[in-house]
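This report describes side-chain interactions, strand pairing and nonpolar packing in one protein structure. The sequence and the coordinates are shown first.

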Amino acid sequence: MQTPMNNNNSRRKFLGNVALAGLASLWPVEKAMARARGTHTTADDTYRFITPPYLQRMTPRSVSIMWITSRNCYSWVEYGTNGQLDQHTHHETAGLIDANDHVHRIDLVNLQPNTTYQYRVCSKEITDFHPYKLQYGATITSETYTFKTFDDKAQSVSWLMLNDIHDRPASFAPLLALNNNAPQDFVFLNGDMFDFQTDEQQIIDHLLTPLTQTFASQQPFFYTRGNHETRGKFARQHAGYFACPGDRYYFSFTQGPVHFVVLDTGEDKLDDHVEYSGLVAFDNYRIEQARWLEQEINTPAFRKAKYRVVLMHIPPFNSGDAHGTLHCRELFNPLFNKGKVDLMICGHTHKYGVWPPTDEHHYPIIIGGGPKEGNRTLIRVNANGHSLDLSMLRDDGVEVGTYNIQRS
């Protein structure tokens, strides 16, 4: 299990030891129904934590904490400041305290901005659950970890981006180590972390384990799907393991001088493609997002932001002529131009590059690399009131792309 940070360490120093690493809102009904219920199945029947806790959708006043246990249980979080774990919370849905599940999410709310908290997660096994009689088993408690809430008065923001890992969990540690201990606020996963969705164990082994081994118990990551997360028999359960803002894969948030717009570009093939057996409707889904985006670009948060940054998996240009690309171009590009987007960062093509603004797209498009060694990339961005600076590093440490935006 991960060793917790010293309480004096800054939230923004979260990758200092990465090179040493081994590699209260309502949940939507559809998500709860979609996730596979029941005990996690492994060869080892010991009641234990399958993953350490991992942080999701951090804000200045809240954070979601998720983890997985080997058996169904009732779970809670103990947390506080100044080394005290004097607060306790669980999750409630429509009057019922969440229990009898093995995937857990607890939302900490009414937190103080720019404040360091300590926390640990606790899970009490439920060995028998009858209508009028419940029997508990053992309680397990995690190590104590530290996180720091976002600063709602921050004048700067820094983040790292990964894309197109494609079921290569050993890629995370060396790519994150390229950051060379520079301070960062969060990591963004820009899709195609997997080839396709097989089962829960794949999510644990190929994503949650390498992320919690490096940073995710004490620093948040944000995540949107690529087209490969939409494939496979477990694709409909995928959302139950993550907590995106608004509990959906497209969302917006502001941190420091940047307003982020995140879109879920869906599949790159036609909905009626034989591979999908008539079970996808991504055209309607993208139209839904376009309606949302049209409203989003008129919000005060978007209009007043120093920088407006779009994060999405499939680029609307410079990525061939597949249906998904062309549909994103048709629906989203006019709105991006109208809203005066400053920067777009994508993946998908497995060919890293920087494309400056053109008469068609009035914003630069940055595309990260692919999964194979020699083509993997880490994108890091730092923004303050004067400039936004992007640097893209190949896995050998060579800088293969830059972009700068100046503000007076």
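Rings of Phe, Tyr and Trp (its six-membered ring) are taken as a pair if their centres lie within 6.5 Å; planes under 30 degrees apart count as stacked, over 60 as edge-to-face and the rest as tilted. The model is predicted, so that local features need pLDDT of at least 70 and side-chain atom pairs count only at pLDDT 80 or more, while totals for chains, interfaces and linings use all residues. Residues are numbered from 1 along each chain as its sequence is written, and side-chain values use heavy atoms, with hydrogens and water left out.

## Aromatic pairs

By the ring rule, the count comes to 25 aromatic pairs. Tyr117 and Phe147 form a stacked pair, 5.5 Å centre to centre with 20° between the planes. The two rings link distant parts of the chain, 30 residues apart: Tyr117 belongs to strand β7 (residues 116-130) and Phe147 to strand β9 (residues 145-148). Helices (H or I, at least four residues) and strands (E, at least two) are DSSP runs, numbered from the N terminus. Tyr117 counts as buried at 4% relative accessibility, and Phe147 is buried with a relative accessible area of 1%. Buried means under 20% relative accessible area, exposed over 50%, and partly exposed in between (1.4 Å probe, protein chains only).

Phe336 and Tyr363 form an edge-to-face pair, with 5.7 Å between the centres and 85° between the planes. Phe336 lies in helix α6 (residues 323-339) and Tyr363 in the loop between β17 (353-355) and β18 (365-367), so this pair ties together parts that are 27 residues apart in sequence. Both Phe336 and Tyr363 are buried.

Ring pairs also link Phe150, Trp159, Phe186, Phe222, Phe251, Phe253 and Phe260 into a cluster. In addition, the charged end of Lys124 sits over the ring of Tyr136, 4.6 Å from its centre; this term requires NZ of Lys or CZ of Arg within 6 Å of the ring centre and within 35 degrees of the ring normal.

## Salt bridges

A salt bridge is a side-chain nitrogen of Lys or Arg within 4 Å of a carboxyl oxygen of Asp or Glu. By this rule the count comes to 15 salt bridges. The table gives three of them.

| Residues | N to O distance |
|---|---|
| Asp107 and Arg57 | 3.6 Å |
| Asp107 and Arg105 | 3.1 Å |
| Arg225 and Asp264 | 2.7 Å |

Arg225 lies in the loop between β12 (221-224) and β13 (251-255), and Asp264 in the loop between β14 (258-262) and α4 (282-296), so their bridge ties together parts that are 39 residues apart in sequence. Both Arg225 and Asp264 are buried. Salt bridges that share partners join Arg57, Arg105, Asp107 and Asp247 into one network. Within this network, Asp107 counts as buried at 6% relative accessibility, and Arg57 is buried with a relative accessible area of 13%. Arg105 is buried as well.

## Strand β19 and its partners

Five of the seven residues of strand β19 (residues 377-383) are buried, so this strand is largely enclosed by the rest of the structure. Two strands pair if DSSP finds at least two bridges between them. Strand β10 (residues 157-162) pairs with β19 in the antiparallel sense over five bridges, and Met161 stands opposite Ile379 in β19. Strand β20 (residues 387-394) also runs antiparallel to β19 and is joined to it by seven bridges. Arg380 stands opposite Ser391 in β20. With three residues between them, β19 and β20 form a hairpin.

The loop between β18 and β19 holds Gly370, which counts as buried at 2% relative accessibility. Gly370 and Leu162 are 208 residues apart in sequence and 9.8 Å apart in space, C-alpha to C-alpha. Gly370 touches Asp164, His350, Asn375 and Arg376, not counting residues up to four places away in sequence; such contact means heavy atoms within 4.5 Å.

## Nonpolar cores

In soluble globular proteins, nonpolar side chains tend to be buried together. A nonpolar core is here a set of buried Ala, Val, Leu, Ile, Met, Phe, Trp, Tyr and Cys residues joined through side-chain atoms within 4.5 Å. The largest core has 72 residues, of which Trp159, Phe336 and Ile345 touch the most other members. The largest share of this core, six residues, comes from β2. Phe336 touches Leu263, Leu293, Val310, Met312, Val341, Met344 and Tyr363, not counting residues up to four places away in sequence. A second, separate core of 31 residues includes Ile68, Val103, Ile203 and Leu393.
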